[in-house]
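Here is a short tour of one protein chain. Keep the structure in view as you read.

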Amino acid sequence: MDKVIKNPLLGQKKIGDLSNLYVYKFKIGKTQWLLGYSLNEGKKIITWEAIGQHENYYRDLKRK
């Protein structure tokens, strides 16, 4: 989270249904994790949306 706070554009901007979302990928050990967040650049506000492993991550986000 510290890396994203320092550089909010670090994550990959999604398209389509999740176009308001950025996803930053990182590893803990051998496991890849995804941190999803939205960004209000005008107000400089980051809203943490979800964190999880890749399996079903995007599907679960679309259901929210």
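Leaving aside neighbours within four places in sequence, Val-23 is in contact with Gly-11, Gln-12, Lys-14, Leu-34, Leu-35, Gly-36, Tyr-57 and Tyr-58. Bear in mind that this is a predicted model.

Val-23 also belongs to the largest nonpolar core. That core has 8 residues: Leu-18, Leu-21, Val-23, Leu-34, Ala-50, Tyr-57, Tyr-58 and Leu-61. Helix α2 (residues 57-63) gives the most to this core, with 3 residues. There is also a second, separate core of 5 residues. Among them are Val-4, Tyr-22, Tyr-24 and Tyr-37. Nonpolar side chains tend to be buried together in soluble globular proteins.

Now turn to two residues in strands.

| Residue | Strand | Relative accessible area | Class |
|---|---|---|---|
| Ser-38 | β3 (residues 31-40) | 13% | buried |
| Trp-48 | β4 (residues 45-53) | 32% | partly exposed |

Why does Ser-38 count as buried? Its relative accessibility is 13%, and buried means under 20%. What does the side chain of Ser-38 make a polar contact with? The partner is the side chain of Glu-49, at 2.8 Å. Beyond its neighbours within four places in sequence, Ser-38 is in contact with Asn-20, Ile-45, Ile-46, Thr-47 and Glu-49.

Trp-48 has a relative accessible area of 32%, so this residue is partly exposed. Partly exposed lies between the 20% and 50% limits. Together with Met-1 and Ile-5, Trp-48 makes a nonpolar surface patch of about 310 Å².

How values were computed: Residues are numbered from 1 along each chain as its sequence is written. This is a predicted model: local features need pLDDT of at least 70, side-chain atom pairs count only at pLDDT 80 or more; totals for chains, interfaces and linings use all residues. Side-chain values use heavy atoms; hydrogens and water are left out. Helices (H or I, at least four residues) and strands (E, at least two) are DSSP runs, numbered from the N terminus. Buried means under 20% relative accessible area, exposed over 50%, partly exposed in between (1.4 Å probe, protein chains only). A polar contact is a pair of N or O atoms within 3.5 Å; within protein, one must be able to donate a hydrogen and the other to accept it, and residues adjacent in sequence count only if both atoms are side-chain atoms. Contact means heavy atoms within 4.5 Å. Patches are made of residues with over 30% relative accessible area and no salt bridge: like charges are joined within 9 Å, nonpolar side chains (Val, Leu, Ile, Met, Phe, Trp, Tyr) within 5 Å. Accessible areas come from the Shrake-Rupley method with a 1.4 Å probe; for residues, only the protein chains shown count as cover. A salt bridge is a side-chain nitrogen of Lys or Arg within 4 Å of a carboxyl oxygen of Asp or Glu. A nonpolar core is a set of buried Ala, Val, Leu, Ile, Met, Phe, Trp, Tyr and Cys residues joined through side-chain atoms within 4.5 Å.
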